[in-house]
Amino acid sequence: MVSRLESAAATRRSLLDAAAELLDSGGPDAVTLREVAARAGVSRGAPYRHFPDKDSLLTTVATEALERLGNRVRSVRAQTALPAPDMLRRALAELMAIGRDQPHLYRLMFEYPVGDPTVVADATLAGERAEAEFFTLITDLVGPDRAPHFAALLLASVHGITAMELTGHLTKEKWQVTAEELVATLVAMIARQATAPSTD
């Protein structure tokens, strides 16, 4: 027999899955609590028993995506036989894959979280943990002193590359280069800095 807590957890899971599907298919505007309830097969009032509003629901969807990203990057880090530059390229490929496969989710993940304060705090923490996984990889490549500078440079650049690709402004026909090749160039440039004298 399913307990009340198990039933509530299953309903919450169904609501989050339904919201994620609606987000993927139509963007944030397609996600309404009524549509989420209908897709999840629950009553219209059910979403309000788990999420105070649409913003909190979407922020929770983004939080889960950030947690998955952090876990994927951690899995890459566990492949200790890989050289540090290869690890970093693979981790960044995980980030770019979300942008390609789920562009609405990607944008949501990197917007400022809104909604219930507890939900916002959870999203902020998930984002910080995902960033920390990337930061560790970059630290392994360039050392702790240079890591903040190059982490900011690399993540900002990869976000820009992904955004250009999503909007159709980065095509191989126009620029004679792919997103992966640009990322490989960035990682190689940063790796060379690991052995260059510091200018600080």
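**Figure 1. Contacts along the sequence and overall build of the predicted chain.** Of the contacts (heavy atoms within 4.5 Å) in the chain with a separation of 6 or more, 68% are made by residues 24 or more positions apart. The model is predicted: local features need pLDDT of at least 70, side-chain atom pairs count only at pLDDT 80 or more, and totals for chains, interfaces and linings use all residues. Residues are numbered from 1 along each chain as its sequence is written, and side-chain values use heavy atoms, with hydrogens and water left out. The chain holds nine helices and zero strands; these elements are DSSP runs numbered from the N terminus (helices H or I, at least four residues; strands E, at least two). Along the principal axes, the C-alpha atoms occupy a box of roughly 60 × 40 × 30 Å.

**Figure 2. Surface and charge of the chain.** About 11200 Å² of the chain is exposed, and carbon and sulfur atoms contribute 55% of that area; accessible areas come from the Shrake-Rupley method with a 1.4 Å probe. Of the 200 residues in the chain, 36% are buried, a term that denotes under 20% relative accessible area (1.4 Å probe, protein chains only). There are 21 positive and 26 negative side chains, and the centres of the two sets are 3 Å apart. Lys and Arg count as positive and Asp and Glu as negative, while His and the chain ends are not counted. Each charge is placed at NZ of Lys, CZ of Arg, CG of Asp or CD of Glu.

**Figure 3. The two domains.** Domain 1 comprises residues 1-51 and domain 2 residues 54-195, with bounds from an automatic or database domain assignment. The C-alpha centres of domain 1 and domain 2 are separated by 28 Å. Contacts between them involve 16 residues of domain 1 and 11 residues of domain 2.

**Figure 4. Helix H4 and its cover.** Helix H4 (residues 84-101) has 18 residues and should span 26 Å at 1.5 Å a residue, which agrees with the 26 Å between its end C-alpha atoms. The expected span is 1.5 Å times one less than the number of residues. Buried residues of H4 include Met-87, Leu-88, Ala-91 and Leu-92, as well as Leu-95, Met-96, Ile-98 and Gly-99. Their cover includes helices H3 (54-77), H5 (103-109), H6 (117-142), H7 (147-166) and H9 (179-193).

**Figure 5. Surroundings of Thr-162.** Thr-162 is located in helix H7. Thr-162 counts as buried because its relative accessibility is 1%. Leaving aside residues up to four places away in sequence, Thr-162 touches Met-96, Gly-99 and Tyr-106.

Notes. Buried < 20%, exposed > 50% of the residue type's maximum accessible area, 1.4 Å probe, protein only.
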